[in-house]
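Grab the model and work through these exercises one at a time. Each task comes with a solution that goes step by step.

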Amino acid sequence: MQVTQPYWTCCCWLGICLWLLAGEGGCAYAKLCRIPPCGRNTNGGLQPIRQQCHGAHCFSRSNRSSHTFVQPSSKQQPQQSSIGSILGLLAVTSRSSEAICSGGRDCTRRTLNSTMQDCRGIECRLPLHIRQKPRPASQIFPCPPNQGERCLEPTLVRVTEKAAQFVGEELAYTASELGGTALSVQLTCDVKPGGNEVPSEDALVLQLQLTKGQEKFVETLKSQQAVIVDLQQKLAEQQNALVTQQREIIMQQRKMYEQMDLIKVQYGMLFDTVKQMSFKGLQEDIQHYFEANLENLQKEVRNHLQKSYSGHKLNVDAKMIDIGETLMECGFCESDEFCNFQKTPSQCEKCTLCPAGFFQLLGCSANTDRICQDKDECIELPSICGERMKCLNTPGGFRCLGMAEKEAALGLCGEEYFFNKEHQECQACLVCDDGAVILPCSLVSDTVCSTAVETILSETWAADTALPLSGSFQIYPGFNLKLKEKQGCDTGTLEEDSLVFKEHGLMWADFNFAVKHNCRNFLHLSLKFKDSEEGYELSGVRIEQPEGKFFQSASVSSAAEVEPSQTLSIFLKSPNQFCNQSKDLDIYNLQTPLSLFWLSHDTGAVAMTAQIMTAVHYQTNYQPTFKFVSLSDSYMLTLSHDGRAIKFTEMGVVKFVFQQALYSMGHTCIHEGFNMVVYLNKNGTNAELMTVYKSGVNYRDTSISVSGATKVSAGDLMSFEILSPTQCSIRYFGDSSGISTLSLIWLPSAISTALSARVSVIRLPTGAVRNKVLDFAQVSTYEKQIYLISTGQFAQKYFMFTERGIASIVFTLKLIHSCNMLRVTLNQYVSDNAPLNIIAQQIGGQVPEGSIWTSVSLRSSFKVHNGTMISVSLDCVRGRINHISHEYGTSLSVLWISS
């Protein structure tokens, strides 16, 4: 039977009330024997009776049968019939309760309202709020014996009904969610003998509780996962914002450095203008203005540099200007150097090289160092560590969190990277110079480069000279001048007034000498070379007997191939003993009179020495004939068929010197003097390379010398010719004294170059000239390593070098003067406020009596760097300069060699 829920509820409560009013109590049993039989005691209470249960419905496995809970009909019965049936059922139950209970074995004790008082099984261990609610005991009417099958058994309330009640009451599930209608729950219990046992009520309740807790736990996990995903998205957004901010800071720093460079240039231009105008007040105002601006800019840069960021690593060192120093304090630095204004005084320093794993952010300039930044592999290659591992950027590399050494051995770091076992990270492979790799980069080891040993191609050495102590020397048979080292080098040391060579190579020496003597014969000055117990003279000149007491000057040069333990000294002697009686010997203290440069065999240079063949000539013009004395490479240099010229096999640069001893007779020799011309034959055509002048003598021994540097091509020929007056008889000597010799060094064009210039016809100094810088006009073509400045305040006066190396200068001057002493100085420019640095000096005495022209020659070798500026000045002491020959007899030759 099926009724609606309100109606059914009212009927139940009405029946219970009638049953209580009737005063009946005790046990009510279902028709099926689910509990042991029970009975009443004499006191009217319930007493369990130990009797055998009889009947078909007693609890037994043998007579259990399968029962099905029949779904009540959906049709509703009339309300009156239903009420009557229920009331009748309650009355019958009240009257027959005692009889039914008396036939069982045991009876469950009930309270006065017919509810269970005690718990059973695992239910007792559950908390009170989750135990099953107590229910009224069911009371049923048994079927009379005579009804048979027409009497239907009442529907049994099984364990599954209690579970459904728990689901509905405790879990608050609706009927639709439980799979049924309002009060139409269909439960089927198929109980077979010895078969399916119905689960206990307590186990089902516990299982439902666990199911409820599990669902709540799953819901909590889902909510936490959603929160974690949200936090990850916010973290990624913050990281992107940080990277963007760092990039903006880098761009701001770069703009600040550009502004600083611009301000430096502007300040330099204004500062030079102020100095030229000599407006001190304006200069102070401009200095204060730039001081204030640079201080503000400096503070901003320092504030940015004090911040550190984990995403990007910068090695930034701001270069600031001290307003008290001039911008030209460093001079000119090399192409791979910059001027460091932070040091006092400012100096040139090597530009920083970006290490492996870094890239150049800002290039090296004249005033700022190179700025390098770490390469962030995690951003540039997001999948470099794969999907399983997280990438962490490190200086010069990256780290895959969780990567093992075995995985790194399989090449997980990628190309151009190796796994560093010590730091447990991938690092960029070292990049070596070309040809300097010993072991290439592998999966677990870095590149091994060969040790970078700087090859020294050339070096310079310089010394001052002086006479030995008085009484300890004699001019005949000769003595060595005392040497005092001024600029040392690793290829030679000074021992007992001699330079001792320590390395194999080639050598070129220049010596400027000025002396005042009263000997009755000439003096012989030479460069003496000693490789054993006995030495020999490389080259020499003769200083003739003077007509008066004044200083005479001479310059001597020579080239040679040297070996360790060989020595070089300056030797002065007289051909006879008459000079020993003269005590009037005075040497002028020149600035750095002796200088030389040394060349390594790695330069590919070739040295040659040739001697004049013995011959005596009394003729006007003379072309000497040579024979080789020493030659380091016979392929590069050869003699022409007549022996009068040197032939070059390959293109290069040549540094040469030729000295010729002679004896002249005739007054015309004094008046006109001698000229030595150097020719360079190209493709069969002779071209005059340079000309030098020598004042003549009458019945005297003397010598003439020429030196210079020039470029040559393959097949060119170099020859010499001495021109003398028509009525002058000359005797030329060719001996082994070192005077009549030709010395030469050939260098490849890849490491050397040469420049030629002459004194400019414009602004020739005349009259009383004191420390006047000469103007020049460049004759040879433009060279990258050295050139004559053509604009600005140094125009036509200064020669500038653009690369580091060694310079060898030869300056020859032909002029008419009345000076008591003529001083020629080779200067180096330092700065506007500092005086010129004197590199070398040479002097010339009075013009010989009867001669119109005179000449003076200056030779020197020294180191140069990028920005070195040199000039030549002229100083006339007590007299005037009347005329300078700017076309013939005056020349400047410069040789540059890479270091």
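**Exercise 1.** Work out the handedness of the link of cysteine 432 and cysteine 449, and find where each partner lies.

*Solution.* Start with the bond itself: in this predicted model, the sulfur atoms of cysteine 432 and cysteine 449 sit 1.4 Å apart, and a disulfide is a pair of cysteine sulfur atoms within 2.5 Å. Next, the turn about the S-S bond is -70 degrees, making the link left-handed. Now place the ends: cysteine 432 is in the loop between β10 and β11 (437-439), while cysteine 449 belongs to strand β12 (residues 448-449), so the pair ties together parts 17 residues apart in sequence. (Strands are DSSP runs of E, at least two residues, numbered from the N terminus.) Last comes accessibility: cysteine 432 is buried at 16%, and cysteine 449 is partly exposed at 24%. Here buried means under 20% relative accessible area, exposed over 50%, and partly exposed in between, with a 1.4 Å probe and protein chains only.

A word on ground rules: residues are numbered from 1 along each chain as its sequence is written. The model is predicted, with local features needing pLDDT of at least 70, side-chain atom pairs counting only at pLDDT 80 or more, and totals for chains, interfaces and linings using all residues, while side-chain values use heavy atoms and leave out hydrogens and water.

**Exercise 2.** Do the same for cysteine 819 and cysteine 876.

*Solution.* The S to S distance is 1.7 Å. The torsion is about -110 degrees, so this disulfide is left-handed. Cysteine 819 sits in the loop between β41 (805-817) and β42 (821-829) and cysteine 876 in strand β45 (residues 869-877), so parts 57 residues apart in sequence are tied together. Both cysteine 819 and cysteine 876 are buried.

**Exercise 3.** Lay out the open sheet of 4 strands and find its edges.

*Solution.* First, the order is β7-β8-β10-β9, with antiparallel pairing; two strands pair if DSSP finds at least two bridges between them. Then the edges: β7 (390-394) and β9 (417-420) each have a single partner strand, so one side of each lacks a neighbour in the sheet. Finally, zoom in on β8 (residues 397-401) and β10 (residues 425-428), which are joined by 2 bridges; phenylalanine 398 has cysteine 426 in β10 as its bridge partner.

**Exercise 4.** How confident is the predictor in the protein chain?

*Solution.* pLDDT, the predictor's confidence in each residue, runs from 0 to 100. The chain averages 76, and 69% of the residues score at least 70. Over residues 155-164, pLDDT stays under 50. Where pLDDT is low, the predicted coordinates should not be read in detail.

Conventions
Contact = heavy atoms within 4.5 Å.
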